[in-house]
Amino acid sequence: MENTILVTRSSMPKLDEYVNEISSMWDSHWLTNMGPKHKELQAELCEYLGVENIDLLTNGHMALELTLQAMNLQGEVITTPFTFASTTHAIVRNGLTPVFCDIDPETYCMDASRIEKLITDQTCAVMPVHVYGNVCNIEEIERIAHKYELKIIYDAAHAFGETYKGRGIGSFGDASCFSFHATKVFNSIEGGAVCFKDKQLGAKLYELKNFGIHGPEEVSAVGANAKMNEFCAAMGLCNLRHVEEEIENRCKVVKHYCSRLSDADGIRLTAVNTEVKSNYAYFPVVFEEKLFGASRAEVFDRLARNGIGARKYFYPLTNTFKCFHKKYDVTKTPIALHISQRVLTLPLYGDLALEDVDRICDIILSCKY
């Protein structure tokens, strides 16, 4: 369809800029294994994100999975079901047990007031998610984790470039994990990163992402292959030069959505946290059918018929996945269930025309009548 609008579109530099960035590889033939582009991106991200240490990986999922493995944890990890599959799968694939905490109805992040009731003698960590770039209740999570000597691993896949009270979001917790997938505000085509303070954790991460290799003739641990290649690092270097412009343009789109939808009965938008410098990663809208006059499914279908790709994100909850059939009790996370059945994320990217935002909003509002 000619006027199709996808839910997102990858940000990309000018072709000439990327070609120029990768041209040196034709001289060096260094394409992977922590080459010059990898090292350059690592240094630039450390500065941009305001973190002490960072390691780059092949994707955001491996950032989560290998961070948990590097911490050598056992037992239960308190987390949220209102997230992408990766969060829960990273826990399960490490032989750990996810314990699902319900979410805050305003931010959609883990409800920190519910965490302590879920702690047992088996609890080893908390894995909160900065959902849609909404920042978790960091102070309360850190208070609880300190009290019970728990590790904190933030899933910060949605929060690239954000600050909270002037601090880079990746500087909180024992580790914060980012995704640089093509759909994110900042992308390296595929990629991910872990920000951390403990250099011993960093050394273990490096070991795990590179087969446990310590030298040409020494393999001292069993590891995976999760290295970022030079082509992805080069794309990251290019996109990092333009990420602030991308965020500014996304802000304009979000403000236009808000101007059109904020006064509509039955439509709930995310509250603004003035202590967060947002990256405007997503625009979630919750439809309360009794007030709005149409269900989420009806809005989704009408948008789709008009060539507009909204997304039921996050639906279904991870604690209802078929692969976990009857293993978890979804009634213990009723707020997450309620939101998952009513939320749509609307198209959002830096070069989305405001005229297209108007068209999307017109279609949504027409569902009321």
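**Exercise 1. Strand β1**

L56 stands opposite A193 in β9; state in which sense β1 and β9 pair and over how many bridges.

Solution. This is a predicted model, in which local features need pLDDT of at least 70 and side-chain atom pairs count only at pLDDT 80 or more, while totals for chains, interfaces and linings use all residues. Residues are numbered from 1 along each chain as its sequence is written, and side-chain values use heavy atoms, with hydrogens and water left out.

Step 1: fix the elements. Helices (H or I, at least four residues) and strands (E, at least two) are DSSP runs, numbered from the N terminus. By this rule β1 covers residues 53-57 and β9 covers residues 192-196.

Step 2: find the pairing. Two strands pair if DSSP finds at least two bridges between them. β1 and β9 are joined by 5 bridges in the antiparallel sense.

Step 3: check how β1 is covered. Buried means under 20% relative accessible area, exposed over 50%, and partly exposed in between (1.4 Å probe, protein chains only). In β1, 5 of its 5 residues are buried. In a regular strand the side chains alternate between the two faces of the sheet. One side of β1 carries N53, D55 and L57, the other I54 and L56, and both faces are covered.

**Exercise 2. Helix α5**

Explain why helix α5 is largely enclosed, and list the elements that its buried residues pack against.

Solution. Step 1: count the buried residues. Helix α5 (residues 85-92) has 6 of its 8 residues buried, so the rest of the structure largely encloses it. These residues are A85, S86, T87, T88, A90 and I91.

Step 2: list the neighbours. Contact here means heavy atoms within 4.5 Å. The buried residues of α5 pack against one helix, α4 (60-70), and against the strands β2 (76-79), β3 (97-100), β4 (123-127) and β5 (151-155).

**Exercise 3. Aromatic pairs**

Classify the ring pairs Y48 with F160 and F82 with F314, and place each residue.

Solution. Step 1: apply the cut-offs. Rings of Phe, Tyr and Trp (its six-membered ring) pair if their centres lie within 6.5 Å; planes under 30 degrees apart count as stacked, over 60 as edge-to-face and the rest as tilted. The structure holds 20 such aromatic pairs.

Step 2: take Y48 and F160. Their centres are 5.6 Å apart with 20° between the planes, a stacked pair. The pair links distant parts of the chain, 112 residues apart: Y48 lies in helix α3 (residues 36-49), F160 in the loop between β5 and β6 (163-164). Y48 counts as partly exposed because its relative accessibility is 27%, whereas F160, at 2%, counts as buried.

Step 3: take F82 and F314. This pair is edge-to-face, at 5.3 Å centre to centre and 85° between the planes. F82 is in the loop between β2 and α5, and F314 is in the loop between α11 (296-305) and α12 (334-340), 232 residues away along the chain. F82 is buried at 0% relative accessibility, and F314 is buried at 3%.

Step 4: extend to the cluster. F82 and F314 belong to one aromatic cluster with Y108, Y132, Y282 and Y313.

**Exercise 4. Charges over rings**

Which rings lie under the charged ends of R167 and R296?

Solution. A charge sits over a ring if NZ of Lys or CZ of Arg is within 6 Å of the ring centre and within 35 degrees of the ring normal. R167 sits over F172, 4.0 Å from the ring centre. R296 sits over Y315, 4.9 Å from the ring centre.

**Exercise 5. The sheet containing β14**

Give the strand order of the open sheet that holds β14 and identify its edges.

Solution. Step 1: the order is β12-β14-β15, with antiparallel pairing.

Step 2: β12 (267-269) and β15 (343-345) each have a single partner strand, so one side of each is left without a neighbour in the sheet. Neighbouring strands are turned by 30° against each other on average, direction ignored.

Step 3: β12 and β14 (residues 284-287) pair over 3 bridges, with I267 opposite F287.

Step 4: α11 packs on this sheet, touching β14 and β15, and its direction makes about 25° with that of β15. Axes are lines fitted to C-alpha atoms, for helices over the stretch in contact, and angles run from 0 to 180 degrees between N-to-C directions.

**Exercise 6. Cysteines**

How many disulfides does the structure hold?

Solution. A disulfide is a pair of cysteine sulfur atoms within 2.5 Å. The search of the whole structure finds 0. For C101, the nearest cysteine sulfur is that of C136, 10 Å away. For C238, the closest is in C232, at 12 Å, too far for a bond. C101 is buried at 1% relative accessibility, and C238 is buried at 0%.
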